[in-house]
Amino acid sequence: MPLDFQGDLNPQQLRAVEECKGPCLVLAGAGSGKTRVITYKLAYLITKRGIAPSHIMAVTFTNKAAGEMRSRVDALIGADLSRKGLWIGTFHSLCGRILREQIEKLELGYTNRFVIIDEDDRTRLVRQVLKELNMDPKTYEPQKIVYRISDAKSNLVGPEELSDYGYSYIEKAAATVYKLYQKRLQQGNLLDFDDLIALVIRLFDKCPEVEEYYSSKFEHILVDEYQDVNKMQYELVKRLSKMHGNVTVVGDDDQSIYAFRGANSKLILGFEKDYPGATVVKLEQNYRSTQSIDRKSTRLNSSHANI
């Protein structure tokens, strides 16, 4: 059965789906059908615009959300998009894919057989580094050090830069640990989660031809939960979309649940300035309520979501 975009979407959703030229900001509160917009837009690009799945990148924040998105699009167009090359996943998984292909060009000693460490491994490595530096873990709590290193990486701040503006004792300690921590990662062919994105940006800086390749490859980029991006995720989207300029971001400018991870909700508010000429679409019909969304209200009246 052919897709019925007009029948399946309300006017605002349809406008967001059909807006395929240039940047597009979709402001969508809870229950307004933002997941529906992204999945239908992926289907629209492939079936109506003839865009090859391998030339589309769709980004979200969790593996579960990415898997659900892929399943919904597959159901819409009746195909297994994973075999057709659609890049769909989290920022970290997609950057990991780029690094598997390109990391050796950084010339930092990494190979494409690198191992990604989890948060427990990261904390253990920080403890090891503290021991090497004769720093008491009771004075310099490993988890606080881990947090400050992660925050620095999320803001694209290297060890030397962190040393320049560390004021408190824990910031100064983090700067010292950061240097040796990063050295140990490189020696072990290890990456932490922050490295997955930060090293892609570093790769683009070192090898402009690699940035040009991926920016040229991805004709369309779609980002869910844009209110939750941090500085390096924002920078990555900016770099990857610069060739074609077709970037659609969906987010709620009233909330940011990942602020503790470095998310900066101000970035979604500045989208129109960052991407001149952007189309802005507001999804104001709340499918979890019998009334339209009041963007200044947090009250939702029903649990039935049509997303």
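The largest nonpolar core of this predicted model holds 65 residues. Phe 91, Val 177, Tyr 181 and Tyr 226 touch the most other members. Helix α9, residues 169–187, gives the most to this core, with 9 residues.

Val 177 shows what such packing looks like in detail. Leaving aside residues up to four places away in sequence, Val 177 touches Val 126, Val 129, Leu 130, Leu 133, Met 135, Ile 145 and Ile 149. A second core stands separate and has 28 residues. Among them are Val 17, Ile 38, Tyr 44 and Leu 81.

Now the sheet. It is open and has 6 strands. Their order is β3-β2-β6-β7-β1-β8, and the pairing is parallel. Which strands stand at the edges? They are β3 (87–90) and β8 (279–283). Each has a single partner strand, so one side of each is left without a neighbour in the sheet. From one strand to the next, the twist averages 15 degrees.

The table sets out the pairings of these two edge strands.

| Strand pair | Sense | Bridges | Residues standing opposite |
|---|---|---|---|
| β2 (residues 56–60) and β3 | parallel | 4 bridges | Val 59 and Gly 89 |
| β1 (residues 24–28) and β8 | parallel | 5 bridges | Val 26 and Val 281 |

Strand β8 also has two faces to tell apart. Which residues make up the covered face of β8? They are Thr 279, Val 281 and Leu 283. Val 280 and Lys 282 form the uncovered face. Val 281 thus belongs to the covered face and stands opposite Val 26 of β1.

Definitions and conventions. Residues numbered from 1 in each chain as written. Predicted model: local features only at pLDDT ≥ 70, side-chain atom pairs only at ≥ 80, totals over all residues. Heavy atoms only, no water. Pairing = 2+ DSSP bridges. Axes fitted to C-alpha atoms, helices over the stretch in contact; angles between N-to-C directions. Core = buried A, V, L, I, M, F, W, Y, C linked by side-chain atoms within 4.5 Å. Buried < 20%, exposed > 50% of the residue type's maximum accessible area, 1.4 Å probe, protein only. Contact = heavy atoms within 4.5 Å.
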